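Subject: Structure for your review

Dear colleague,

Please find below the structure that I am handing over to you, together with its sequence. My notes on what was found in it follow.

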Amino acid sequence: MAVATTVTVSSLCASPLLSPRTVPNFVYQFAPKFSSFKVGFESLQLRTALPATKLVVRAARTESKGVSLGFRAPNFEIPEPLTGKVWKLEDFESHPALLVMFICNHCPFVKHLKKSIVKLANFYMKKGLAVVAISSNSVATHPQDGPQFMAEDAKLFKYPFPYLYDESQDVARDFGAVCTPEFFLFKKDGRRPFELVYHGQFDDSRPSNNVSVTGRDLSLAIDCALSCQPVPSNQKPSVGCSIKWQP
């Protein structure tokens, strides 16, 4: 399946221009185990003065898969465009749990959850959760996902976590990441390495499916990890845009 967005361009040979980023209005309230949000989006159209031809741009719909629970978090060493700092896995070793998110700037599935992800991260980071976001998309095909725009996004949405740039795409391959957003929750017992306990969706909400964003699935997993309870193994895969690999 695919999510279709209609843009208007002067000819089929023209490339769609990037539209201005919009920040959705939302209402946010935490419940005892999860957060509740209402997020609204408006469709965007680009117009030119010349006679126009409609071009439908489709975002490939991809599910997270192929990574087994118990998988050990791979080492990484990649920069944060906003600060220039290089982050490593060992920087998070003092935390009992680590949430690694593969996201990007342009994907409509990520945009749908972006504000909610920030709220969830703010809530659980105060409880000891370490959080890091990574963008691995090719800037050759999607320049809007490049480091300069990542830094702007991090400032605009006030990310409380580092947003790292995986230029080589090696980190995405090491994690087995295939889509954005994709969530990997790791738990650490004492001096043991971080081990994967959750690899699933944020919740049931998708762009245009009229299901409210709650963060329930991921929140439940984090609650279990931080309270040393077993995380349910029945996990629905995350759904989003495919990672844009280098051509």
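**Overview of the chain**

Of the 247 residues in the chain, 45% are buried. Please bear in mind that this is a predicted model. The chain contains four helices and 13 strands. Its accessible surface comes to about 12,700 Å², and carbon and sulfur atoms account for 52% of that area. When contacts between residues at least 6 apart in sequence are considered, 77% of them join residues at least 24 apart.

**The five-stranded sheet**

One open sheet consists of five strands in the order β9-β8-β7-β11-β12, and its pairing is mixed. The edge positions are taken by β9 (163–165) and β12 (195–198); each has a single partner strand, so one side of each is left without a neighbour in the sheet. On average, neighbouring strands of this sheet are turned by 35° against each other, direction ignored.

Strand β11 (residues 182–187) deserves a closer look. How many bridges join β7 to β11? Strand β7 (residues 97–102) is joined to β11 by six bridges, and the two strands run antiparallel. Within this pairing, Leu99 stands opposite Leu185 of β11. With β12, strand β11 also pairs in the antiparallel sense, here over three bridges, and Leu185 stands opposite Tyr198 of β12.

In a regular strand, side chains alternate between the two faces of the sheet. In β11, Glu182, Phe184 and Phe186 lie on one side, while Phe183, Leu185 and Lys187 lie on the other. Both faces are covered, and all of these residues are buried. Strand β11 is accordingly described as mostly covered, with six of its six residues buried.

**Helices across the sheet**

Two helices lie across strands of this sheet. Helix α2 (residues 147–156) lies across β8 (129–135) and β9, and runs at about 180° to β9. Helix α4 (residues 216–226) lies across β7, β8, β11 and β12, and runs at about 10° to β11.

The buried residues of α4 include Leu218, Ser219, Ala221, Ile222, Asp223, Cys224 and Ala225. After α4 comes Cys228, which has a positive phi, near 60°.

**Aromatic residues**

A search of the whole structure finds 14 aromatic pairs. In one of them, the ring centres of Phe76 and Phe175 are 6.4 Å apart and the planes stand at 45°, so the pair is tilted. This pair links distant parts of the chain: Phe76 is in the loop between β4 (53–63) and β5 (77–79), Phe175 is in helix α3 (residues 170–175), and the two are 99 residues apart. Phe76 has a relative accessible area of 5% and is buried; Phe175, at 1%, is buried as well.

Phe175 also pairs with Phe186. Is this second pair stacked or edge-to-face? The centres are 6.0 Å apart and the planes stand at 75°, so the pair is edge-to-face. Because Phe175 lies in helix α3 and Phe186 in strand β11, the pair ties together parts that are eleven residues apart in sequence. Phe186 is buried, with a relative accessible area of 0%.

These three residues belong to one aromatic cluster, formed by Phe71, Phe76, Trp87, Phe92, Phe102, Phe175, Phe184 and Phe186. A charged residue is found at one member of the cluster: Lys85 lies over the face of Trp87, at 3.8 Å from the ring centre.

**Leu82 and helix α2**

Leu82 is located in the loop between β5 and β6 (86–88). Is Leu82 buried or partly exposed? Its relative accessibility is 38%; since buried means under 20% and exposed over 50%, Leu82 counts as partly exposed.

Leaving aside residues up to four places away in sequence, Leu82 touches Ala151, Ala154 and Lys155. Helix α2 spans residues 147–156, so these three contacts fall within that helix. An α-helix has 3.6 residues a turn, so residues three or four places apart point the same way. In addition, Leu82 and Met150 are 7.5 Å apart in space, C-alpha to C-alpha, although 68 residues separate them in sequence.

Yours sincerely,

A colleague

Technical notes: Residues are numbered from 1 along each chain as its sequence is written. This is a predicted model: local features need pLDDT of at least 70, side-chain atom pairs count only at pLDDT 80 or more; totals for chains, interfaces and linings use all residues. Side-chain values use heavy atoms; hydrogens and water are left out. Rings of Phe, Tyr and Trp (its six-membered ring) pair if their centres lie within 6.5 Å; planes under 30 degrees apart count as stacked, over 60 as edge-to-face and the rest as tilted. Buried means under 20% relative accessible area, exposed over 50%, partly exposed in between (1.4 Å probe, protein chains only). A charge sits over a ring if NZ of Lys or CZ of Arg is within 6 Å of the ring centre and within 35 degrees of the ring normal. Two strands pair if DSSP finds at least two bridges between them. Axes are lines fitted to C-alpha atoms, for helices over the stretch in contact, and angles run from 0 to 180 degrees between N-to-C directions. Contact means heavy atoms within 4.5 Å. Accessible areas come from the Shrake-Rupley method with a 1.4 Å probe; for residues, only the protein chains shown count as cover.
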